[in-house]
Amino acid sequence: MTQQPDSGGHFGPYGGRFVPEVLMAPIEELEHAYLEARSDPAFQAELAALLADYAGRPTPLYHARSLSERLGGAQIYLKREDLLHTGAHKINNSLGQALLARRMGKKRIIAETGAGQHGVATATVCALLGFECVVYMGEEDMRRQRLNVFRMRLLGAKVAAVSSGSRTLKDAISEAMRDWVANVGDTYYLLGSALGSHPYPMMVRDFQKIIGEEARGQILKSAGRLPDAIFACVGGGSNAIGIFHAFVPDAGVALIGVEAGGRGDAAGEHAARFRGGSPGVLQGAFSYLLQDEDGQVSSTHSVSAGLDYAMIGPEHAWLHDLSRAEYVAASDAEALAAAKLLSRTEGIIPALESAHAVAEAVKRAPASPGKIFLVNVSGRGDKDIDIYRENFKELDEA
Amino acid sequence: MTRIGQLFERLKRENRKGLIAYITAGDPHPDRTPSLVDALVRGGADLIELGVPFSDPVADGPVIQRAGDRAIAAGTNLARVLEIASKIRERSEVPLLLFTYLNPVLRYGLERLSRDAAKSGIDGCLLTDASVEEAEAYVGAMRAAGLDTIFLAAPTSTERRLKLVARYSSGFVYLVSRTGVTGEQASLSAAVGPLVQSVRAVTDLPLAVGFGVSKPGHVAELGRQVEAVVVGSAFMRIVESSAGAPELEGRLEAFARELKLGFGETA
Ligand SMILES: Cc1ncc(COP(=O)(O)O)c(C=O)c1O
């Protein structure tokens, strides 16, 4: 299983390369450059130094005693990716890929963003390394994540509004791909999740797997054993594959991916690809996809912009079919309640995305005494304060 | 041999160049498409690409994106496009090529599509996001039903890739004129000449150039280099601006004729 993907980027039947021919040679070039960089100690050393001194790794593993006590069952440990510079795990990947872009001699970096966290991480790294930066963002997401739009602009990036389709992450990716097609010569596409054409799902996983590698050592040290279950939210799947990867060979560790259950089970009301989705091709990869009977991609909904996407990363599709990981959904309401609970018991305001992972752990903890749960807090909630305010109106009354 | 192969033989015999017209099927309405195709053929189109709309067309610029949105809103799906093809076949022998993305085809089923497409009078298929690496099953199914599979060659394609594109293509090879999405351009990219040479070096198949071709002058220039040119967004802009008005057919026919005159300047 650790040999995945194959040389064509397949995780079992999933993944692969489904892009217009214009992009195929550039994608091959990217793959070669990445494989070379991956085995270059100088590249790895530079990345490790930036992750440590600039981004703030390793992130702590924190035993959430009062939350655990409140729930009266499992002991819950939190992997604190929210404490990273820029506030989410996304910077792990942005740093890695930007170093690769520099190595490839590119001058300009483009990215898509949903919640804005990947856009902010990429704008940050571009400021650091001196790249021109354009971030594509759906108009609907710009409205939901206004603060991050301003942060990107402050960092010197151009935020390009995308008004096509559902005006969310999916449309931002399409627009970034069109930009890339037109500017392949000098432009690097810095994709933010374990999605898209090979080599992205593999490369993004590799840059995120440090989360699980650290957490594995940390939990062995602090709890004396491996966890019984790991919880992570799954948008495209980068923070989840990042924390899962080191534990995949540990058969006793349950891997639980939490998708966005939104506000109901009907099509268009959620973004739970394993609840009503079926394998299909979108934006470069073959994986589980929310689509209608004609193969048109369905609209999705989640209170969290970062989980609001119709396809799941191909490695998750494979882990799902192998039954190595389990995928469930948390609703908007459950995520909001979990965010409030974590804020009140531990003084940690999570990102709405991460709150989905917290919600599932909260749901299962009471019936799991003696168990150890590890939850990936992929990001902090600063960017979501407007949405929390809309949903907790009672707290706003002076 | 499909009608596509026959067309290119005839063009060669008659020492002519071909005009390939792309239209998004179902825009402004599926019932209207056969009559738009008739108009294009009257204007001189030699082959029709019937675009099957897809919700997320990453290879298309804004004009064809909007056409696809309108077609989907008007109830167009792959099954409906095959019905449209059957209607066209009742009165015309113009070669018909399905032009779309992989997902609607996978959803319909490869075997089922190849069977139904052949029955509807479709001659071939081009899927913009089916890379040759991933096309084995698709090509197998189409060829078994006697349909052509056309792949794209791009200015970025390496020699190794061009050989694969040529190997998997039948009927003709479709050259993307520039690194970019579909859409009208003021002038042709300088990438075309070298690309034509590189593709000629690896195949004897006829070549067509598309993406960004929109003026009689482009047609004239390309007519000196390849067997056919593809025009799409320029037709779809007419469809869009006519908003279903009765003079739409006349405008498409006139524009096809005008483009065709470009070939006259080739000689
Ligand atoms: C904090 C946070 N967590 C999770 C995600 C979802 O992405 P992924 O599934 O790639 O981890 C996002 C995306 O924007 C995010 O900002």
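How do the residues of the lining of the largest cavity divide into nonpolar, polar and charged? They divide into 8 nonpolar, 16 polar and 4 charged. The legends below describe close-up views of a predicted model.

**View 1. The largest cavity and its lining in the predicted model.** The largest cavity holds about 310 Å³ of space, and the count of cavities of 30 Å³ or more comes to 9. Its lining is made up of 28 residues. Nearest the centre of the largest cavity lie His89(A), Lys90(A), Ala115(A), Gly306(A) and Glu353(A). Two or more lining residues come from each of these elements of chain A: strand S5 (108-113), helix H5 (117-129), helix H8 (169-182), helix H11 (238-244) and helix H14 (352-364).

**View 2. The ligand in the largest cavity.** The cavity of View 1 is where the ligand sits. Around the ligand there are 19 residues, and those that come nearest are Ser193(A), Gly235(A), Ser238(A), Asn239(A) and Ser378(A). By residue class, this shell contains 6 nonpolar, 11 polar and 2 charged residues.

**View 3. Polar contacts of the ligand with Gly235(A), Ser238(A) and Ser378(A).** Two of the contacts shown involve oxygen on the ligand side. In one, an oxygen atom of the ligand lies 2.7 Å from a backbone N or O atom of Gly235(A). In the other, a ligand oxygen atom is 2.6 Å from an N or O atom in the side chain of Ser238(A). The contact with Ser378(A) involves a nitrogen atom of the ligand, which is 2.6 Å from an N or O atom in the side chain of that residue. On its own the ligand has 390 Å² of accessible area, and the protein covers 97% of this area.

**View 4. The largest pocket, with helices H6 and H15 of chain A in its lining.** About 300 Å³ of space lies in the largest pocket. Its lining consists of 15 residues, and Glu140(A), Arg143(A), Arg144(A), Val303(A) and Glu390(A) lie nearest the centre of the pocket. Helix H6 (139-144) and helix H15 (385-391) of chain A are the elements that give two or more residues to this lining. H15(A) supplies the largest share, 4 residues. The lining of the largest pocket divides into 2 nonpolar, 6 polar and 7 charged residues.

**View 5. The cis peptide bond before Pro199(A).** Most peptide bonds are trans. The bond from His198(A) to Pro199(A) is cis, with omega near 15 degrees. Pro199(A) lies in the loop that runs between strand S8 (187-189) and helix H9 (200-208) of chain A.

**View 6. The cis peptide bond before Pro28(B).** In chain B, the peptide bond from Asp27(B) to Pro28(B) is cis, and its omega is near 5 degrees. The loop containing Pro28(B) is the one between strand S1 (18-24) and helix H2 (33-42) of chain B.

**View 7. The positive phi of Thr86(A).** Most residues other than glycine have a negative phi. Thr86(A), a residue other than glycine, has a positive phi near 75 degrees. Thr86(A) is found in the loop between strand S4 (75-80) and helix H4 (90-103) of chain A.

Note on methods. Residues are numbered from 1 along each chain as its sequence is written. Chains are lettered from A and ligands numbered from 1 in the order in which they are written. This is a predicted model: local features need pLDDT of at least 70, side-chain atom pairs count only at pLDDT 80 or more; totals for chains, interfaces and linings use all residues. Side-chain values use heavy atoms; hydrogens and water are left out. A residue is near a molecule or strand if one of its heavy atoms lies within 4 Å of it. A polar contact is a pair of N or O atoms within 3.5 Å; within protein, one must be able to donate a hydrogen and the other to accept it, and residues adjacent in sequence count only if both atoms are side-chain atoms. Accessible areas come from the Shrake-Rupley method with a 1.4 Å probe; for residues, only the protein chains shown count as cover. On a 1 Å grid over the protein atoms alone, a cavity is a set of points where a 1.4 Å probe fits but cannot get out, and a pocket is an open set with protein on both sides within 12 Å along at least five of seven lines; lining residues have an atom within 4 Å of a point. A molecule sits in a cavity or pocket if more than half of its atoms lie within 2 Å of its grid points. Ala, Val, Leu, Ile, Met, Phe, Trp, Tyr, Cys and Pro count as nonpolar, Asp, Glu, Lys and Arg as charged, and the others, Gly among them, as polar. Grid points are joined across faces, edges and corners, and a volume is the space filled by probe spheres set on the points.
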